[in-house]
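Q: Please take a close look at a single part of the structure shown below. A formal, connected account with explicit cut-offs would be appreciated.

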Amino acid sequence: GTSTGFGGFGGTSTAGGGGLFGGNNAFKPGGGTGTTGFGFGQTQPQQQQQQQQQANPVDELFNSVLNCSLFGDERDGIIAKWNMLQACWGTGKAYYSNNAQPVTVIPENPFCRFKAIGYSAMPKHDDKQGLVSLMIKKKEAEVEAGKAALTTSLSGVLGNKPNVKVSIQNIKATGPESAEVVVRVEESGQNGAVRKVPATELHSFFNQPAQVQNLKTLGVEMVIPKVAISSSDLKAYLAKPPAGVDPRLWNQAQLDNPDPKNFIPVPIVGFKSLQQRIKAQEAQSKAHQGRLDCIAEDISGLQKKHQNTLAALAEAKRRQLELSHRVLKVLVKQESTRKHGFTITQEEEQLRSQLESIQAELETPTQFKGRLNELLSQVRLQSQSSVLSGTEKYTLDQYAVADIKSVLKDQQQAIQSLVGLVKDDLKDLSVMVEGLSTPSSSTPAPNP
């Protein structure tokens, strides 16, 4: 069955298809980034009703081009050519009879030459996620400023139930005077379980006549559920070319689809549609660039943390090596104390022989000792050459120089404090010496 789709600005939508085919302009090229819902024109029953109410505009356009009869002379041919030019351009009014109203030329007419086929990303959202897009005729900044008020108003539309919570997931501009608001509704049960209201269920509720009027007061022009397209709906959409699109061009666009599983062909009719698509592409590129900037900042922060971790690891290795040497010294002293007074064991004798052989190899002039002497002479020669050349041997980092200055300053202050302490101790010692020497001088010498 069909349900009325948001009054005069949504067309109709099929309940079985999740409301995907609910808007005559929901499938605009400007919304081809997969962030808005998809609508594929009005349904066939509504088109038949419109055809019954008025004559077919395509037939009238053909009559204005082929059967122009305004003056009954050669001027009709000129008017027919002018009507054809307007039809190719996609705008204007075509006059062809004194007894009929002029035909309003739209870009969707079959003669329009400013048409192309683009590709839009198909939505991948699940119905259980409960995401619904509200197309609002307000600026993005205005909607963002009234986010809290919009949430309260939507709660009022839903009946102000205490167990129903409305949350706005995203706000983005779809034009200079329009914005898209993605909302989600969560319902709490009696047992405390929270359920996300499905997108199709929420879409059907918003399409009720009473809710349509309430949403109109908020500036909402269209409600689109963000759900994936079913295979049957996709097949039906691809089987019938959009209005004014050549079937051969439509079929070729399906064959040229670079990724049929993720992209879907959409018509681009007129300069306005092309401009909307370019703006959408610029907005998406800007969003991608912003995300790349955030990723670059995260990478920079991780690199800094990595450098700090490497420095801490090097310090930990140095500390571990220092502690291992101290532990080794303690073990050596402990072992020496424990073995004091005992004879040398066979294992210790073998160890001593091995150490003596290593020492002998090191002392051999043609072996390691000679090489060490040679390396030492080369180092001294390089040191003398650098001194004679007047160039500095080493360069210190400014942060290292600052650390060295700070350490030397602390040591200098410590030395000064130690010198002052020694001086005070010497003064105290002199006072003590004087105090000891005074009684000894005043005491009389004993008699022999």
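Is strand β6 (residues 132-136) mostly covered or mostly uncovered, and how many of its residues are buried?

A: This is a predicted model, in which local features need pLDDT of at least 70 and side-chain atom pairs count only at pLDDT 80 or more, whereas totals for chains, interfaces and linings use all residues. Residues are numbered from 1 along each chain as its sequence is written, and side-chain values use heavy atoms, with hydrogens and water left out.

Strand β6 is mostly covered, with five of its five residues buried. Here buried means under 20% relative accessible area, exposed means over 50%, and partly exposed lies in between (1.4 Å probe, protein chains only). Helices (H or I, at least four residues) and strands (E, at least two) are DSSP runs, numbered from the N terminus. Both faces of β6 are covered: Val132, Leu134 and Ile136 are buried on one side, and Ser133 and Met135 on the other.

The strand has partners in β8 and β10; two strands pair if DSSP finds at least two bridges between them. With β8 (residues 178-188), β6 runs antiparallel and is joined by five bridges; in this pairing Leu134 stands opposite Val181. With β10 (residues 220-225), the pairing is also antiparallel and extends over five bridges, and Ser133 has Ile224 as its bridge partner there.

Leu134 also belongs to the largest nonpolar core, a term for a set of buried Ala, Val, Leu, Ile, Met, Phe, Trp, Tyr and Cys residues joined through side-chain atoms within 4.5 Å. Of the 25 residues in this core, Leu134, Leu150, Leu154, Val181, Phe206 and Leu215 touch the most other members. The elements that give two or more residues to the core are β6, α5 (147-157), β7 (164-175), β8, α6 (199-206) and β10. A second, separate core has ten residues, among them Ile117, Met122, Val245 and Val266.

Helix α5 shows one way in which β6 is linked to its surroundings. Contact means heavy atoms within 4.5 Å. Not counting residues up to four places away in sequence, Leu154 touches Leu134, Val166, Val183, Leu215 and Leu218. Leu150, Leu154 and Val157 are the buried residues of interest in α5. Seen down the axis of α5, its buried residues fall within an arc of 50°, so they line one face of the helix; the arc is that of the directions from the helix axis to the C-beta atoms. In general, an α-helix has 3.6 residues a turn, so residues three or four places apart point the same way. The face of α5 turned away from the buried side carries the exposed residues Ala148 and Thr152. The cover over the buried residues of α5 includes β6, α4 (140-145), β7, β8, α6 and α7 (209-217).

Within helix α7 lies Gln211, which counts as buried at 10% relative accessibility. Leaving aside neighbours within four places in sequence, Gln211 is in contact with Val157, Phe205 and Phe206.

Beyond the end of α5 the backbone takes positive phi values. Just after this helix, Gly159 has a positive phi of about 100°. Asn160, found in the loop between α5 and β7, has a phi near 55°, a positive value in a residue other than glycine. Asn160 is exposed, with a relative accessible area of 56%.
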